[in-house]
Amino acid sequence: MTSNRLSGPLDDVAGEAGHADHPPRVGFFTDTSICIGCKACEVACKEWNAVPEDGLDLLGMSFDNTGMLGANSWRHVAFIEQPRALGHQDPGFAGLPTGPTSGDGMADAVGPRLREAERGGSELGTSPLHTPNHTESLGMPAFSRPGEGTGAEGRTDFRWLMASDVCKHCTHAGCLDVCPTGALFRTEFGTVVVQQNICNGCGYCVSGCPYGVIDRRPEDGRAQKCTLCYDRLEGGLEPACAKACPTDSIQFGELDELRERADRRLAQLHDIGVTEARLYGRDPDDGVGGDGAFFLLLDEPEVYGLPPDPVVPTRDAPSMWRHAGAAAAAFALAGIGAFISTAIGGRR
Amino acid sequence: MGSNMAEAHPVGFQWVVEAKSRGARVIHIDPRFTRTSALADTFVPLRAGTDIAFLGGVINHVLTHDLDFREYVRAYTNAAFLVAEGFEDTEDLDGLFSGYDAETGTYGRDLWQYESAEQARTEREGGEGGGDSAMDQERTSPMGHGAAGAPLSGTTGDIAQDPTLQHPRCVFQILKRHFSRYTPEMVERICGTLPGQFREVCEAWTANSNRERTTALVYSVGWTQHSVGAQYIRAGSILQLLLGNIGRPGGGVFALRGHASIQGSTDIPTLFNLLPGYLPMPTAGSHEDLPTYLDDLRSPTQKGYWAGADAYLVSLLKEYFGDNATEGNGYGFDWLPRINGDHGTYRTVMDMVDGKVFGYFLLGQNPAVGSAHGKLQRLGMANLDWLVVRDLAMIESATFWKDSPEVETGEIVPEMCRTEVFFFPAASHVEKEGTFTQTQRMLQWREKAVEPVGDQRSELWFFYHLGRMIRERLAGSTDPRDEPVQKLDWSYAVQGGGAWPEPSAQDVLRRINGYRTDTGEPVGGYTELAADGSTACGCWIYSGVFADGVNQAARRVAHAEQGPYDAEWGWTWPSNRRVLYNRASADPEGRPWSERKKLVWWDAEQGEWTGDDVPDFPKKTPPGFVPPEDATGPDALRGDDAFIMQADGKAWLFAPHGMLDGPLPTHYEPHESPARNLLYGQQGNPTRKVYGRLDNPSNPSPPEAHREVFPFVLTAARLTEHHTAGGMSRQLPYLAELQPELFVEVSPELARIRGLSHLGYAHVVTSRAAVEARVVVTDRMAPLRIDGEVVHQVWLPYHWGGSGLVTGDVVNDLLGVVTDANVFIQESKVATCDVRPGHRPRGAALTAMLAETRARAGVTIETGTTIATAAGVPHLQHTEESS
């Protein structure tokens, strides 16, 4: 356990940032097991925060036409169609005259476009894409038999996962730590917010975010991301997405309480046989000191487009500094020193 | 079943999620794996259009294994009643009931009657029994009997019955015979549902339906939009009644409505054949005066609350015509319009095409995109003198004359289109005050949040001033046909000044609630209404919503501050009752069936019904009450007549009246089907309305030849991200970007057969149209094995049209018009189609391709019009014009 406040658990994140008398830290617990994929969170977020439309392209990633989080999408609902079972759910396909899964076909059609896009899915939602003509081969798997298959050829297990992603409001926020202007700051609620009138569009935060969340808007270059509805919090309201979520998949509250709630829900799901359920971002010992917005997932994080082991870039800064101090020129040393002191200097 | 609740009713679905977290098991039965299935414990696929076969199978399972809630069934349903001799079932007539007239394609229902106790006695003495009801063959007036079906005279005691349920002609035994052939094997062959899954559903349903447990059934337009739609709901109701799930907490049949306040627009209807509160619209010829109408509506000696229909109707007339309605003029009954046939929306559109209709108002409706057979809709609207469109945006139904697909094919020429279109911008729901009536029959008042912008105005404003101006224009007329308008009481309170003030929605609600005509004091509920002109009431079932002069719909008491049924949140009709027929939540002696499922009960000490909900029963009638012979109305209800609106006080497993297509639900194949009916020679609903016209062609179905031209089952529905015909969503960037383009979902198997690739283009083809869409190949779609043959289903969302931020072909163009005979709802949830790779042809090439396809399928005007195919009746073609 390090004690340098650049990584690891931090009990009073707002206090560390200089908020003397502050409310409890708040956040989101997103229980993806009850997400119905309605995208009300995406719409409510855009309505409240006046986030612009993000492109009118059909992505073909199941029902996901947003792609990923970006400057113009602060909430993103992922849809994953998988040939595997969800707990004891009976998906009803066993015994039907089916052939192999189409999963590869969907991936083959979407994958190359994802690779072409500069920022992955985000670009899918913002820039026009070449739409395949029906005469082009999309690399659909060459199925050995036409028509219907049964038995071993047939697909039986299936599940459809949905999950609303958002800025994690990390305990150790890479974006905030590297921001040279002070545009990014830690609020009294423990959340991380960009001040648009200060941001100079340098873009350090984009590479500083271990989740690929923060993004610059092409029009003015300024960094954009979820504010956890800072203005609503100040007015005693819950964030727009959580307010709009019909099934309470997105739960807003005090982080300590949300963590307890998440632990109970995880135990409940394990009890009813959904053993694949796990919490993501809940652990204060992880690479970002735990997330202010954490999740209950039903598969590996990668399946949802989330990094499996996110680490705040500044975690290794002290050891880098030591090594640098021993070996590097004083010029370089001073540069890093200034950088670090800025990062820990009361803006956290 | 027939519901994609998570996608189409996401806000209501929170309660399903809540129930699931408390241990409820959720089963989703549907043609395709949807976002609802994703959250269900079990998904059960079936072929679109076969739900009655499935439900019939469950009913058969219940009856075969004696799993019905026998005490409930015996006390509260008509299971014990005897049906008169002469009734023949589908078992006897190859899929028809007795009384079928092949000429008209309708039933005479005099052979579906109960046997009266008198008859039973006569028969025992060797006499001749006979039907006692006049043959009321009203082909044109399917809802001619309003909410409660037809009147039945007398009390329950007059109906012959066998409490042991053993008599071969008792409803219970008839039911048993009728469904005996709906075996699990038959369910598998018809629906494609595998026996293991089917058994699982049967076991879950029955295991959770007893004294301690209840099962809720949810359906939506996936059930109603079929040529047998009304019978789908009957089948669900029969099952829920057999299992004791009606009138009890956690039970019920939940009809999720298609839009905000669609419930309200049937309660106070926008339907041609109903008056407010499900009172039937009078029929020309048969309802010459008030007494004749009332006698047809209800028998004066009838039991239950429908006996008060005279008070409801007279109070409605008093509200319409005010002081002009007097006893002497039958309270203005003559001023009500009469119907003389089918004036439903589809008949009306065909009449437009035929030049019989001159003007059309469209309010919050976009038929060019949202109604079946979009082309017919557009051609009809192109042949009017005038068309008024009130909407939030310039929708396709206002611009069809210049940019519809028919302009491209040359079928509409903008310069020659005769229709003059008037577009009025409408105020949205946040720009006006009023109520929404949601799916639970709850009225909720909403305030105006912002002032309407520019010329946008509320519907209330539009109709108030339209009525005012027409009345001014007709004030001096001596033409008798203007009299109804002249005599209207148009004295609605207005707010604000000037020449164009806004009417007070609160005052309208007060008048809907009803008031005493002498003092103007609001009445407390419908039981205070009178047939002598002393009360006025705009909709008797809403009476009470303004009780004590308080807007009850505006109540917002928090959950924590009131009882378990949130009685002070909004107001639910009737009488703020949350569960209808809740007398059935108690046993015949008035005790809750169980502590766990208690709702209302008899308080012997106080001598009245009480409980957590407003009791749906005469408050002081004890459980064991037996009414005197001469009692009528509510006084004639026995202590166990839980179904207080029914003329016999019982829930109807067998419907002796009210249904035009049979007293019991029967599986008929959809109008367009890939399969022969395996149960009977009768293929489709023998009473369905087929509208056989050149502009309404059908794809051939067995026993007709060439079904192979349209080999796939087509079904269409909604996405969460859009609103029906798209007028409220395709214009909005935040919604349009979420589902930006029309797509067609196909299984990997169908993709291989037709050479379709994910995200490529395809076009779906029927005998009416070809619709182009992007292909989405998904595991969520799976083929089924129907009677040994693999059947593929394809699905499209139907939200796109030619205008807005995102555009696309109109999916409803694929459908023809065929309707259920009871309610004239179109069969838009199932048809047949072909799917071909690539873009569709355009312009003249499209017309030619469709003509070629029709020719290949042998489609003529006669195709699909042979509605009777059972043995023993003539197989006549029902066309409206010759080919």
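**Exercise 1. The contact between the chains**

Task: In this predicted model, state how many residues of chain B are in contact with how many of chain A, and describe the chain B side.

Solution.
- Step 1. Count both sides: 53 residues of chain B are in contact with 54 residues of chain A.
- Step 2. List the elements of chain B that give two or more residues to this side. They are α2 (10–21), α3 (35–39), β2 (42–45), α23 (733–736), α24 (748–754), β24 (770–777) and β25 (784–786).
- Step 3. Find the main contributor. α2(B) supplies the largest share, five residues.
- Step 4. Sort the side of chain B that touches chain A by class. It holds 32 nonpolar, 10 polar and 11 charged residues.

**Exercise 2. Domains of chain B**

Task: Give the domains of chain B, then describe the contact of domain 1 with domain 3.

Solution.
- Step 1. Take the bounds from the domain assignment: domain 1 is 1–44, domain 2 is 353–360 + 374–403 + 412–419, and domain 3 is 707–856.
- Step 2. Place domains 1 and 3 of chain B. Their centres, taken over C-alpha atoms, are 24 Å apart.
- Step 3. Count the contact. Domain 1 of chain B puts in seven residues and domain 3 of chain B 10 residues.
- Step 4. Classify the domain 1 side of this contact: four nonpolar residues, one polar and two charged.

**Exercise 3. A three-stranded sheet**

Task: Which strands of the sheet β12-β13-β18 in chain B stand at the edges?

Solution.
- Step 1. Read the order. This open sheet runs β12-β13-β18 (chain B), and the pairing is antiparallel.
- Step 2. Look for strands with a single partner. β12 (434–437) and β18 (571–572) of chain B each have just one, so each stands at an edge with one side lacking a neighbour in the sheet.
- Step 3. Check the β13–β18 pairing. Two bridges join β13(B), residues 442–446, to β18(B).
- Step 4. Name a bridge pair. B:L443 has B:W571 in β18(B) as its partner.

**Exercise 4. The core and a buried helix**

Task: Which residues touch the most other members of the largest nonpolar core, and is helix α4(B) largely enclosed or open?

Solution.
- Step 1. The core has 311 residues, and B:V744 and B:V764 touch the most other members.
- Step 2. Helix α14 of chain B (residues 309–321) gives the most to this core, nine residues.
- Step 3. Follow B:V764. Leaving out residues up to four places away in sequence, its contacts include B:V744, B:L714, B:C833 and B:V835.
- Step 4. Turn to α4(B), residues 51–64. This helix of 14 residues spans 20 Å from first to last C-alpha, close to the 20 Å expected.
- Step 5. Of its 14 residues, 13 are buried, so α4(B) is largely enclosed by the rest of the structure.
- Step 6. Just after α4(B), B:D66 has a positive phi of about 50°.

Technical notes. Residues numbered from 1 in each chain as written. Chains lettered and ligands numbered in written order. Predicted model: local features only at pLDDT ≥ 70, side-chain atom pairs only at ≥ 80, totals over all residues. Domains from an automatic or database assignment. Contact = placed C-beta atoms within 7 Å. Nonpolar A, V, L, I, M, F, W, Y, C, P; charged D, E, K, R; others polar. Pairing = 2+ DSSP bridges. Helix = DSSP H or I, 4+ residues; strand = E, 2+ residues; numbered from the N terminus. Core = buried A, V, L, I, M, F, W, Y, C linked by C-beta atoms within 7 Å. Buried ≥ 20, exposed ≤ 12 C-beta atoms within 10 Å, placed from the backbone. Expected span 1.5 Å × (residues − 1).
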